[in-house]
Amino acid sequence: MILPSAWQQTTTFSSVNVIGDVDPQGKSTFRNSKNKETTNLVRMDLAYSWTPKYQNGISLRYQNKNRSFQGTEASDSGWSDIGLFQAYQPIKYQRTWIFNSFNIPTSNSVYDSSKTFSVDAHGTGTYQAGLGVFHLINFKTWDIAFSTEVHHLFARTFGSNEDKKVIGSSWGTSLSGGVGYIPWRSKTRYGFNLTPRLEGQKETEINEERQNSKQSLVWDSVFNITYSINATYALGISYLDQTIVGPARNTLLNRSVSCILQTHFL
């Protein structure tokens, strides 16, 4: 929470479309009408401020994944992983937060999927812990935000005996910068955010055969508009595009549209 509230609830409705694939060498291939992958989801983030300096919260997500390829279609709905987070503001009213996140793999992943095209893979499959810093600077009609984080994915084993999969640990990081503009005496904020995301290589062992995945890199370009109805409610719309800025390697390329409702309880 950035604003001084006791509780904050953020509900997000998103539609995510995979529009392309990038190989480890950085060569991209865009998908045609016979190769579609869409995820529609609703996410709720609930945060509570225990003191003016310390807060924590939980993130829940329910989604429907649809995949079609060369005339074959599959879909599945289910809950994603549970996300936990906490944040600490070292200096009161100075807008710098140190935050920690933790992902609990409570849903299926690509490593234990049982359906066509892995449409039932709604989670990451691994425990993940992250640590980062967020800083916000406010001017009269402008604001600038910076954030960086590093995270660790813990090793995990799926199955046993002949169908054993061992997923090794790995590291990742991201760096984010954004700017916002609020016209004089307006309740509307216009913003842009750019975030490169890097995931390190990971060693996997499937049926005693080992292989190393390559590093992946992708850039999130996000345009958003937020309207503050009053001190309690705010509405927003956001557009994400991973094809505007590069380079990208060993990743999917997504475009998504999100609608956001945020509620503050003072």
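Visitor: What is the relative accessible area of Arg 31, and which class does it fall into, buried or exposed?
Guide: This is a predicted model, where local features need pLDDT of at least 70 and side-chain atom pairs count only at pLDDT 80 or more, while totals for chains, interfaces and linings use all residues. Residues are numbered from 1 along each chain as its sequence is written, and side-chain values use heavy atoms, with hydrogens and water left out. Buried means under 20% relative accessible area, exposed over 50%, and partly exposed in between (1.4 Å probe, protein chains only). Arg 31 therefore counts as buried, with a value of 16%.

Visitor: How many salt bridges does the count come to?
Guide: Side chains of opposite charge can pair when their charged atoms come close. The rule here asks for a side-chain nitrogen of Lys or Arg within 4 Å of a carboxyl oxygen of Asp or Glu. By this rule, the number of salt bridges is eight.

Visitor: Which residue meets Arg 31 in a salt bridge, at 2.8 Å from N to O?
Guide: The partner of Arg 31 is Asp 21, and their side chains meet at 2.8 Å, N to O. Strands (E) are DSSP runs of at least two residues, numbered from the N terminus. The partner sits in strand E1 (residues 7-22), whereas Arg 31 is in the loop between strand E2 (28-30) and strand E3 (35-49), so the pair ties together parts 10 residues apart in sequence. With a relative accessible area of 26%, the partly exposed partner is Asp 21.

Visitor: How far apart in sequence are the parts tied together by Arg 197 and Asp 220?
Guide: The side chains of Arg 197 and Asp 220 meet in a salt bridge of 2.6 Å, N to O. Arg 197 belongs to strand E13 and Asp 220 to strand E16, so the parts tied together are apart by 23 residues.

Visitor: What is the relative accessible area of Asp 220?
Guide: Its salt-bridge partner, Arg 197, is partly exposed at 37%. Asp 220 itself counts as buried, because its relative accessibility is 6%.

Visitor: Which residue forms a salt bridge with Arg 255?
Guide: The closest N and O atoms of this pair are 3.1 Å apart. One end, Arg 255, lies in strand E18, and the other lies in strand E17 (residues 233-241), 14 residues away. Arg 255 is partly exposed at 34%, while its partner is buried at 5%: that partner is Asp 241.

Visitor: How many aromatic pairs does a search of the whole structure find?
Guide: Rings of Phe, Tyr and Trp (its six-membered ring) pair if their centres lie within 6.5 Å; planes under 30 degrees apart count as stacked, over 60 as edge-to-face and the rest as tilted. Across the whole structure, the search finds eight.

Visitor: How far apart in sequence are the parts that Trp 142 and Tyr 181 tie together?
Guide: Trp 142 and Tyr 181 form a tilted pair, 4.8 Å centre to centre with 45° between the planes. Trp 142 lies in strand E9 (residues 142-153) and Tyr 181 in strand E12, so the separation in sequence is 39 residues.

Visitor: Which residue pairs with Phe 192 in a tilted aromatic pair?
Guide: The two ring centres are 4.9 Å apart, with 45° between the planes. Phe 192 is in strand E13 and its partner in strand E16, so parts 31 residues apart in sequence are tied together. Phe 192 counts as partly exposed at 30%, and also partly exposed, at 41%, is its partner, Phe 223.

How values were computed:
Helix = DSSP H or I, 4+ residues; strand = E, 2+ residues; numbered from the N terminus.
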